[in-house]
Amino acid sequence: MTMINRTIAGKELFWFNNTLVAIQISSAEGEDGLCVVEHLKPYGESPPLHVHRHEDEVFHILEGRLRFVVDGRERIAVAGETVIAPKGLPHTFRVESPEGARTLTITRGSDFETMLRQASRPAERPDLPPASEPTPEMIEALTRICAKNGIDIVGPPLG
């Protein structure tokens, strides 16, 4: 991936599936429980269709182009745009830009952040992890961790 983000230095870095995650602001840091997570995502990255039971999920695109599907409605978002996936509505996205994407994900509460921490591994370097396809065991583990944290997987990733 060609995008290198210098702001992630000194932050908690994780590899979540094929993405690099930097916890910019933890939900435990402020009174309102806001969490801001920065993601570096490779071309084609798409999480399974899912629903957050307790948190809206806000995506601010810093670099790249993503195709979002929120409650069955599709839209393209590019750098500078913001997309909201309200709690209770199924949503997913797919990175469409060949160079990948860099986004901020903002939630209120600890469900999303806790899921990321439980489903990720510490990043060995501030770059994308080696690409891999999820195994059935990995999918089952992610589904279980998500459900434990108020997130229900309800469908496949975007192809």
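A residue counts as buried under 20% relative accessible area, as exposed over 50%, and as partly exposed in between. Asn17 has a relative accessible area of 31%, so Asn17 is partly exposed. This residue sits in the loop between strand 1 and strand 2. The phi angle of Asn17 is near 55 degrees, a positive value in a residue other than glycine. The model discussed here is a predicted one.

A second residue can be described in the same terms. Asp71 lies in the loop that links strand 6 (65-70) and strand 7 (73-78). Its phi is near 50 degrees, again a positive value in a residue other than glycine. With 38% relative accessibility, Asp71 falls between the limits of 20% and 50%, and therefore counts as partly exposed.

The strands on either side of Asn17 belong to a sheet. Seven strands form this open sheet in the order 8-5-10-3-2-1-11, and the pairing is antiparallel. Strand 8 (82-85) and strand 11 (121-122) are the edge strands, each pairing on one side only. Strands of a sheet pair through backbone hydrogen bonds, either parallel or antiparallel.

The pairings can be followed inward from the edge at strand 11. Strand 1 (residues 12-16) is joined to strand 11 by two bridges, and the two run antiparallel. Within this pair, Trp15 has Arg121 of strand 11 as its bridge partner. Further along the order, strand 2 and strand 3 run antiparallel and are joined by five bridges; here Ala22 is partnered with Glu38 in strand 3. Strand 3 is in turn joined to strand 10 (residues 101-108) by eight bridges, also in antiparallel fashion, and the partner of Val36 in strand 10 is Ile106. Strand 3 is mostly covered, with seven of its eight residues buried.

Next comes the nonpolar interior. The largest nonpolar core has 13 residues, and those touching the most other members are Phe16, Val21, Val37, Phe112, Met115 and Leu116. Two or more residues come from each of strand 1, strand 2 (19-25), strand 3 (34-41), helix 1 (111-119) and helix 2 (136-148). Another core, of 11 residues, lies apart from this one and includes Phe59, Ile61, Leu66 and Phe68. Back in the largest core, the contacts of Phe112 beyond four places in sequence are with Val37, His39, His52, Glu55, Glu57, Thr105, Thr107 and Ile151.

The two helices that contribute to the largest core also meet each other. Two packed helices are described by the angle between their axes and the distance between the axes. The axes of helix 1 and helix 2 come within 9 Å and cross at roughly 150 degrees. Because angles over 145 degrees count as roughly antiparallel, helix 1 is roughly antiparallel to helix 2. The crossing is right-handed. On the helix 1 side, Met115, Gln118 and Ala119 take part, and they meet Leu142, Ile145, Cys146 and Lys148 of helix 2.

One loop remains to be described. Pro48 is located between strand 3 and strand 4 (50-52). Leaving aside residues up to four places away in sequence, Pro48 touches His91, Thr92, Ile153, Gly155, Pro156 and Pro157. Pro98 is 50 residues from Pro48 along the chain, and the C-alpha atoms of the two are separated by 20 Å.

Key:
Residues numbered from 1 in each chain as written. Predicted model: local features only at pLDDT ≥ 70, side-chain atom pairs only at ≥ 80, totals over all residues. Heavy atoms only, no water. Pairing = 2+ DSSP bridges. Helix = DSSP H or I, 4+ residues; strand = E, 2+ residues; numbered from the N terminus. Core = buried A, V, L, I, M, F, W, Y, C linked by side-chain atoms within 4.5 Å. Buried < 20%, exposed > 50% of the residue type's maximum accessible area, 1.4 Å probe, protein only. Contact = heavy atoms within 4.5 Å. Axes fitted to C-alpha atoms, helices over the stretch in contact; angles between N-to-C directions. Parallel < 35°, antiparallel > 145°, perpendicular 65-115°, else oblique. Left-handed = near helix turned anticlockwise from the far one by under 90°.
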